[in-house]
Amino acid sequence: MKYRLLTASFIILSVIAVSKTAHASILTISSDSDKIYVGDQIELKLHLDTESQEINAGELYLQLPKGLTVNKVNSAGSIFTLWVNEPSGTDSQASFIGGVPFPGFQGKNGYIGSIIVKAEKQTVDNIILDSKSQILLNDGEGTAAQLSIKNPELKIESPPKNYTPRKYTEQADTTPPHDLKITIGKSETEFEGQWFASWNAQDDESGINKYEIAEQEENQKEPSDTDWKETKSPYVLKNQNKNITLYVKAIDNAGNFTVNKLEHKASHTNQFRLAFLIAGIIILLLVLILKRKTKKHAPLSKPSSNK
């Protein structure tokens with residue numbers, strides 16, 4: 001297992017080493033308010049224009065003006081659905097590190113997520129995109145696109161007399177996750193040749209909170225409450241030599257859930273591996289790429305200004 005990860009890391013490093021610069025991608029940040037007063041809570045939305053290029057991964061590290069404090073980071077409805085680390089924010093910093101499932105994303109208004117901030121003091125400043133941020137093209141070479149940021153100057157003013165600060169209110173989420181897709185396969189180079197599953201789902205309102213799975217042997221009933229266990233994708237099957245039905249449950253942050261299932265015959269042959277390699281291995285390597293790069297980066301340092 002250790003050897004396999006080292007080999008994969010070597011391949012990924014080699015791809016990144018020969019990457020070249022491509023056409024620019026533009027990250028646009030917009031505010032839900034023209035005027036911001038001390039005490040207000042506002043939402044900053046992030047959208048990406050890939051300028052006709054197809055992308056499949058990205059790392060975005062943002063430094064907000066010192067007058068703003070991050071309360072929450074939202075990723076529901078993001079074009080990134082494969083998260084190496086969940087989007088996060090602290091003090092005046094926020095980060096989004098994730099990927100787009102095959103075949104990637106191309107467009108002018110790709111929603112990345114939003115940052116809920118509170119205005120703590122008067123200031124006039126821009127949001128800064130840290131220099132280690134990058135967008136990777138879906139070209140098989142790990143090509144890094146030029147990345148620029150477009151955001152309005154944020155001006156936080158002293159509130160007028162008797163002003164009541166605005167509060168950010170989330171809409172109630174009553175819609176379960178959707179597009180829950182499951183793949184089962186195996187390869188001699190992954191997980192010591194064992195059968196394993198990968199899956200992914202989307203949730204456009206509150207976002208995915210967790211996944212649960214249940215393995216039921218052939219002719220068993222649907223899983224009971226005690227059969228479910230929380231896990232992450234990819235997952236190595238416990239029943240390697242038995243015919244099973246694999247159930248996957250996607251649960252969002254509001255408690256809504258969707259269940260899908262896939263029957264697996266242990267006698268499957270190599271003809272099923274190609275489909276898996278296209279879906280599962282791509283996802284696994286994408287996670288490894290971003291995981292390596294996340295570990296490489298230290299916590300956000302003071303970025304250089306690019307106003």
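In this predicted model, the largest nonpolar core is made up of 33 residues, and those with the most contacts inside it are Leu62, Leu64, Phe96 and Ile115. Ile115 makes a convenient entry point. The residue belongs to strand 8 and is buried, with a relative accessible area of 1%. Once neighbours within four places in sequence are set aside, Ile115 is in contact with Ile42, Glu43, Leu44, Leu46, Leu62, Leu64, Val70, Lys72, Val73, Ala94 and Phe96. Three of the core residues named above, Leu62, Leu64 and Phe96, thus reappear among the contacts of Ile115. Its C-alpha atom is also separated by 9.7 Å from that of Ser31, a residue 84 positions away along the chain.

Strand pairing adds to this picture. Strand 3 (residues 41–49) and strand 8 (residues 110–119) run antiparallel and are joined by eight bridges. In this pairing, Leu44 stands opposite Ile115. Strand 3 is itself mostly covered, with eight of its nine residues buried.

A further core, of 15 residues, lies apart from the largest nonpolar core, and its members include Tyr211, Ile213, Tyr235 and Ile244. Two of these names return among the aromatic residues, where Trp199, Tyr211 and Tyr235 form one cluster.

The aromatic pairs number six in total. For Trp228 and Tyr247, the ring centres are 6.5 Å apart and the planes meet at 80 degrees, so this pair is edge-to-face. Trp228 sits in the loop between strand 16 and strand 17, whereas Tyr247 sits in strand 19, so the contact ties together parts that are 19 residues apart in sequence. Both partners are covered: Trp228 is buried at 15% relative accessible area, and Tyr247 counts as buried at 8%.

The ring of Trp228 has a charged neighbour as well. Lys249 lies over its face, at 4.4 Å from the ring centre. Lys249 also takes part in a salt bridge with Glu212, in which the closest N and O atoms are 3.8 Å apart. Here strand 16 (residues 208–217) contributes Glu212 and strand 19 (residues 244–252) contributes Lys249, so the pair ties together parts that are 37 residues apart in sequence. Despite their charges, Glu212 counts as buried at 14% relative accessibility, and Lys249 counts as buried at 13%.

A comparable arrangement involves Lys132, which lies over the face of Tyr61 at 4.9 Å from the ring centre. Lys132 forms a salt bridge with Asp130, with the closest N and O atoms 3.4 Å apart. Lys132 is buried, with a relative accessible area of 16%, and Asp130 counts as buried at 6%.

These two bridges belong to a total of eight salt bridges in the structure. Side chains of opposite charge can pair when their charged atoms come close. Another example is Glu217 with Lys242, whose closest N and O atoms are 3.2 Å apart. This pair links distant parts of the chain, with Glu217 in strand 16 and Lys242 in the loop between strand 18 (235–236) and strand 19, 25 residues apart. Glu217 counts as partly exposed at 31% relative accessibility, and Lys242 counts as partly exposed at 40%. Elsewhere, salt bridges with shared partners join Lys35, Lys155 and Glu157 into one network.

The backbone holds a few points of interest too. Most residues other than glycine have a negative phi, and most peptide bonds are trans. Against that background, the peptide bond from Ser233 to Pro234 is cis, with omega near 0 degrees. Pro234 is found in the loop between strand 17 (229–231) and strand 18. Asn162, although not a glycine, has a positive phi of about 65 degrees. This asparagine is placed in the loop between strand 13 (154–157) and strand 14 (178–185) and counts as exposed at 72% relative accessibility. Asp179, likewise not a glycine, has a positive phi of about 55 degrees. Asp179 lies within strand 14 and counts as partly exposed at 42% relative accessibility.

Methods. Residues are numbered from 1 along each chain as its sequence is written. This is a predicted model: local features need pLDDT of at least 70, side-chain atom pairs count only at pLDDT 80 or more; totals for chains, interfaces and linings use all residues. Side-chain values use heavy atoms; hydrogens and water are left out. A salt bridge is a side-chain nitrogen of Lys or Arg within 4 Å of a carboxyl oxygen of Asp or Glu. Buried means under 20% relative accessible area, exposed over 50%, partly exposed in between (1.4 Å probe, protein chains only). Helices (H or I, at least four residues) and strands (E, at least two) are DSSP runs, numbered from the N terminus. A nonpolar core is a set of buried Ala, Val, Leu, Ile, Met, Phe, Trp, Tyr and Cys residues joined through side-chain atoms within 4.5 Å. Contact means heavy atoms within 4.5 Å. Two strands pair if DSSP finds at least two bridges between them. Rings of Phe, Tyr and Trp (its six-membered ring) pair if their centres lie within 6.5 Å; planes under 30 degrees apart count as stacked, over 60 as edge-to-face and the rest as tilted. A charge sits over a ring if NZ of Lys or CZ of Arg is within 6 Å of the ring centre and within 35 degrees of the ring normal.
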